Amino acid sequence: MLDNGSSHVAKATRAWLAAHPRWHVHWTPVHASWLNQIELYFSAPTRRVVRHGDFSSRDDLIERSKPT
């Protein structure tokens, strides 16, 4: 899923996509505020847990990522 940013519609990107037909691109609307909300949703655990954490395992990360 891609937004309509200039890097995603550049000639080089279009050429790469044409050379890799297995990849199917889904474009978001030009004013995709819902996509910004999803980015915000996923940035919260990153800011709260992942960035400053030291985890011994994947399970440890999942446990410490749960809301308190």
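Student: Among contacts between residues at least 6 apart in sequence, what share joins residues at least 24 apart?

Tutor: Contacts can link parts of the chain that lie far apart in sequence. In this predicted model, 33% of the contacts between residues at least 6 apart join residues that are at least 24 apart.

Student: Okay, and which elements does the chain have, running from the N terminus?

Tutor: Go along the chain and note each element in turn. Here you'd write α-α-α, as the chain has 3 helices and 0 strands.

Student: How much should I trust what I'm looking at? Which element has the lowest mean pLDDT, and which the highest?

Tutor: Start with the general idea: where pLDDT is low, the predicted coordinates should not be read in detail. For this chain the average pLDDT is 78, and 74% of the residues score at least 70. Helix α1, residues 11-19, has the highest mean among the elements, at 89, while α2 has the lowest, at 75.

Student: Next, burial. What percentage of the residues count as buried?

Tutor: Buried means a relative accessible area under 20%. Of the 68 residues in this chain, 7% count as buried. The accessible surface of the chain adds up to about 6100 Å², and carbon and sulfur atoms account for 58% of that.

Student: Which residues form a nonpolar patch on the surface?

Tutor: Look for W34, I38, Y41 and F42. Together these four have about 470 Å² of accessible area. Take I38 as an example: you'll find I38 in helix α2, residues 33-50.

Student: Why does I38 count as partly exposed?

Tutor: Partly exposed is the range between the buried limit of 20% and the exposed limit of 50%. I38 has a relative accessible area of 38%, so I38 is partly exposed.

Student: Let's try a polar residue. Where is D60, and which residues does D60 touch?

Tutor: D60 sits in helix α3, which covers residues 58-65. Leaving out residues up to four places away in sequence, D60 touches D54 and F55. Also check S56: the backbone nitrogen of S56 lies 3.1 Å from a polar atom of the D60 side chain.

Student: What about K66, where is that one, and how far is its C-alpha atom from the C-alpha atom of P45?

Tutor: K66 belongs to the segment after α3. The C-alpha atoms of K66 and P45 are separated by 8.6 Å, with the two residues 21 apart along the chain. And K66 counts as partly exposed because its relative accessibility is 44%.

Key
Residues numbered from 1 in each chain as written. Predicted model: local features only at pLDDT ≥ 70, side-chain atom pairs only at ≥ 80, totals over all residues. Heavy atoms only, no water. Patch = residues over 30% accessible without salt bridge, like charges linked within 9 Å, V, L, I, M, F, W, Y side chains within 5 Å. Areas by Shrake-Rupley, 256 points an atom, 1.4 Å probe, with all protein chains shown as cover. Salt bridge = Lys/Arg side-chain N within 4 Å of Asp/Glu carboxyl O. Helix = DSSP H or I, 4+ residues; strand = E, 2+ residues; numbered from the N terminus. Buried < 20%, exposed > 50% of the residue type's maximum accessible area, 1.4 Å probe, protein only. Polar contact = N/O pair within 3.5 Å; in protein donor to acceptor, adjacent residues only side chain to side chain. Contact = heavy atoms within 4.5 Å. pLDDT = per-residue confidence, 0-100.
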